[in-house]
Amino acid sequence: MTATDPKIDTAESAGVGIDGASRPSEDRIVVLDNAVILLDGATALDERERTASWYVDHLSAELATHLSANPEADLRETLAKSIAALALTPGKSPSSTVAITRWTTENIDALVLADSPIVAFTPAGPDVLFDDRIAALPRRPGGYRARLADGTGFDPDHVAALRAAGARTGRLRNVPGGFWVAEADPAAAHQARTRQWPRSNVHTILMATDGVSCAVDDYQILTWQQTLELARADGPHTVLDQVRKAENDDPAGQRWPRAKKHDDQALAMIRFP
């Protein structure tokens, strides 16, 4: 590590499955010499040949290979090639969000596909690269969020309501007017949101899965500036702890209706000299 290399700190914590039971995390962080990759695998609501864990392991490996071999290639094209390499069947495959931060001596490039934001901290304040197309999908009245808000809790009927919502949302995956996510169709990569910043204008980057960004976007217990200050003072794991504390204070999901009591969490902090 040289004096010009960024300092990278990460934190991860597993959540629970849709049945409330503990299982390994389906989030992934991969740190390379010139980039950080962050993925959030979608928990499968039905049986599939491949699991979300398999998908994020193999997609992150493909991305790492391409980013190392072609460090200045277009990020959308890099993602498209990585998805294509897995040779899966659209509609029958696991899926994942994708967030990539890559740097050179001059610039920082970022890509976001689905809801894992990247936040660049500049002299003007936080600049958020976020894909809001999932959040913008219409929500059906009386769905699982409405049940939780009414105080039903994460009961067995919650799983049925969640499956019904997942089936409806699945029909909008990787189609115009719906939302875009890494799955089996390489064309989805070209729908990713991208941004570039001069490296000299960014002192820190935060990358988060929605199990962490919910603190800002949904729970509103932190701002991005407060998230940065907490992570810099005591480490990224303290941000994860804040989210868990909020969720433990809302064990039935009534204040913050959500798919699971605890989602997987992953947070990367990249500090540039």
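**Entry 1: aromatic pairs**

I checked Trp103 and Phe272 and found both buried. The model I am working from is predicted. I then looked for aromatic pairs and found two in the structure. Trp103 and Phe272 make up one of them, in an edge-to-face arrangement with 5.8 Å centre to centre and 80° between the planes. I located Trp103 in strand β4 (residues 96-103) and Phe272 in the segment after β10 (265-271), so this pair ties together parts that are 169 residues apart in sequence.

Tyr219 and Trp256 I logged as a stacked pair, because their ring centres are 4.6 Å apart and their planes stand at 25°, where stacked requires planes under 30 degrees apart. This pair also links distant parts of the chain, 37 residues apart. I placed Tyr219 in the loop between α5 (210-217) and α6 (224-234), and Trp256 in the loop between α7 (237-248) and β10.

Are Tyr219 and Trp256 buried or exposed? Tyr219 has 8% relative accessibility and therefore counts as buried. Trp256 is buried as well, with a relative accessible area of 11%. The cut-off I applied for buried is under 20% relative accessible area.

**Entry 2: helix α5 and its surroundings**

I went on to α5, which ends before the loop that holds Tyr219. How many of the eight residues of α5 are buried? I noted six, so I entered the helix as mostly covered. The buried residues are Gly211, Val212, Ser213, Cys214, Ala215 and Val216. I found them packed against β9 (204-208), α6, α7 and β10.

For α5 with α7, I read a crossing of roughly 70° between the axes, which come within 9 Å. That makes α5 roughly perpendicular to α7, because the angle falls in the range 65 to 115. On the α5 side I listed Gly211, Val212, Cys214 and Ala215; on the α7 side, Val239, Leu240, Val243 and Glu247. Sorted by class, this contact has six nonpolar residues, one polar and one charged.

**Entry 3: helices α1 and α2**

I looked up how α1 (residues 52-69) packs with α2 (residues 75-85): the angle is about 130° and the axes are 9 Å apart. I recorded α1 as oblique to α2 on that basis. The crossing in which α1 passes α2 is right-handed.

Which residues meet here? From α1 I listed Tyr55, Leu59, Glu62, Leu63, His66 and Leu67. From α2 I listed Leu75, Thr78, Leu79, Lys81, Ser82, Ile83 and Ala85. I sorted the residues of this contact into eight nonpolar, three polar and two charged.

**Entry 4: two loop residues**

I looked up Gly91 in the loop between α2 and β4. Its relative accessible area is 51%, so I entered Gly91 as exposed; the cut-off for exposed is over 50%. I also read the C-alpha separation of Gly91 and Glu247, which is 32 Å, with their positions 156 residues apart along the chain. Glu247 is one of the α7 residues in the contact with α5.

I placed Asn174 in the loop between α4 (156-170) and β8 (193-198). Asn174 has a relative accessible area of 13% and is therefore buried. What does Asn174 touch, not counting residues up to four places away in sequence? I listed Phe179, Trp180, Val181, Glu183 and Ala188.

Key
Residues numbered from 1 in each chain as written. Predicted model: local features only at pLDDT ≥ 70, side-chain atom pairs only at ≥ 80, totals over all residues. Heavy atoms only, no water. Axes fitted to C-alpha atoms, helices over the stretch in contact; angles between N-to-C directions. Helix = DSSP H or I, 4+ residues; strand = E, 2+ residues; numbered from the N terminus. Parallel < 35°, antiparallel > 145°, perpendicular 65-115°, else oblique. Left-handed = near helix turned anticlockwise from the far one by under 90°. Contact = heavy atoms within 4.5 Å. Nonpolar A, V, L, I, M, F, W, Y, C, P; charged D, E, K, R; others polar. Phe/Tyr/Trp six-rings, centres within 6.5 Å; stacked < 30°, edge-to-face > 60°. Buried < 20%, exposed > 50% of the residue type's maximum accessible area, 1.4 Å probe, protein only.
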